[in-house]
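Here are some notes for a colleague who is meeting this structure for the first time. They are best read with the sequence and the model side by side.

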Amino acid sequence: MAEIDGFELPARKSEFLKVVSLCGGTMRTNEVAHELNVSPSTATKVLADLAREGYLEHTPYHGVCLTAKGEEYSRFLVRRHRIVSLALSRFGLSPDEACQEAKNLEGHVSRALVDRICASLGHPVMSGCGPIEHDGDCCPCGR
Ligand SMILES: [Zn+2]
Ligand SMILES: [Zn+2]
């Protein structure tokens, strides 16, 4: 995939991709709908969009799985969420509050800014939302 800048997908589609990734990379449409609290028809539509854009593939029995592109992009999305959440927790927010506020903000945070925040926090490995992965661009060790 070309260099990720962080604005490839609108926030809503990003949420769908992130859920599929965090649930193991393969999911049924109904599970996605349940997880995101949307109707099955909404889930079907958004997942079809993501499949058309090459992030997901349809699997038999009404499910989807991540493509290589989807895998790479969802890793970035998860990392961005956790970095933003961790940064917000430095302002005294509880983990739940930080998680929720991060969801509101993260769609506006570029990949370059994620890397800058990560560096300024000393390349943390854990957030209130789970472990933080680093890529080679962010820190030399490429953890
Ligand atoms: Zn979170
Ligand atoms: Zn880092």
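1. The structure is a predicted model, and a good place to enter it is the contact between two helices. On one side stand His81, Val84, Ser85, Leu88 and Ser89 of helix 4, and they meet Pro95, Ala98, Cys99, Glu101, Ala102 and Leu105 of helix 5. Sorted by class, the residues of this contact comprise 7 nonpolar, 3 polar and 1 charged.

2. As for the geometry of that pair, helix 4 covers residues 68-89 and helix 5 covers residues 95-105, and their axes come within 8 Å while crossing at roughly 125°. Helix 4 is therefore oblique to helix 5, and the crossing in which helix 4 passes helix 5 is right-handed.

3. Helix 4 also packs with helix 6, residues 111-120, at an angle of about 50° and with the axes 10 Å apart. These two helices are therefore oblique to each other, and their crossing is left-handed. The contact draws on Phe76, Arg79, Arg80, Ile83 and Ala87 from helix 4, together with Arg111, Val114, Ile117 and Cys118 from helix 6. By class there are 6 nonpolar and 3 charged residues in the contact of helix 4 with helix 6, and no polar ones.

4. A further contact of helix 4 is with helix 1, residues 11-22, where the axes come within 9 Å and cross at roughly 100°. That angle makes helix 1 roughly perpendicular to helix 4. Helix 1 contributes Ser14, Leu17, Lys18, Val20, Ser21 and Leu22, while helix 4 contributes Gly70, Tyr73, Ser74, Leu77, Val78 and His81. The residues of this contact divide into 6 nonpolar, 5 polar and 1 charged. His81 deserves a second look, since this residue of helix 4 is listed in the contact with helix 1 and again in the contact with helix 5.

5. Turning to the strands, in what order do the 3 strands of the open sheet lie? The order is 1-3-2, and the pairing is antiparallel. Strand 1 and strand 2 are at the edges with a single partner strand each, so that one side of each has no neighbour in the sheet. From one strand to the next, the twist averages 30°.

6. The pairing can be followed in more detail by starting from strand 3. Strand 1, residues 26-28, is joined to strand 3 by 3 bridges, and the two run antiparallel. Strand 2, residues 56-59, is joined to strand 3 by 4 bridges, and this pair runs antiparallel as well. Gly63 in strand 3 is a useful point of orientation, because Arg28 stands opposite Gly63 and Thr59 also stands opposite Gly63.

7. Which residues make up the covered face of strand 3, and which the uncovered one? In strand 3, residues 63-66, Val64 and Leu66 form the covered face, whereas Gly63 and Cys65 form the uncovered face. In a regular strand, side chains alternate between the two faces of the sheet. As for a neighbouring element, helix 2, residues 29-36, lies across strand 1 and strand 3 and runs at about 85° to strand 1.

8. The backbone of the hairpin formed by strand 2 and strand 3 merits a check by eye. The hairpin has 3 residues between its strands, and Tyr61 takes a positive phi near 65°. His62, placed in the loop between strand 2 and strand 3, likewise has a positive phi, near 60°, although not a glycine. Most residues other than glycine have a negative phi. His62 has 14 other C-beta atoms within 10 Å and is therefore partly exposed.

9. A positive phi also appears at His123, with a value of about 50° in a residue that is not a glycine. His123 sits in the loop between helix 6 and strand 4, residues 126-127. Is His123 buried or partly exposed? Because His123 has 16 C-beta neighbours inside 10 Å, this residue counts as partly exposed.

10. A last point concerns Ser120, which is found in helix 6. Ser120 has 9 C-beta neighbours inside 10 Å and therefore counts as exposed, the cut-off for that class being 12 or fewer. The C-alpha atoms of Ser120 and Arg90 are separated by 12 Å, and these two residues are 30 residues apart along the chain.

Technical notes
Residues numbered from 1 in each chain as written. Chains lettered and ligands numbered in written order. Predicted model: local features only at pLDDT ≥ 70, side-chain atom pairs only at ≥ 80, totals over all residues. Buried ≥ 20, exposed ≤ 12 C-beta atoms within 10 Å, placed from the backbone. Axes fitted to C-alpha atoms, helices over the stretch in contact; angles between N-to-C directions. Parallel < 35°, antiparallel > 145°, perpendicular 65-115°, else oblique. Left-handed = near helix turned anticlockwise from the far one by under 90°. Contact = placed C-beta atoms within 7 Å. Nonpolar A, V, L, I, M, F, W, Y, C, P; charged D, E, K, R; others polar.
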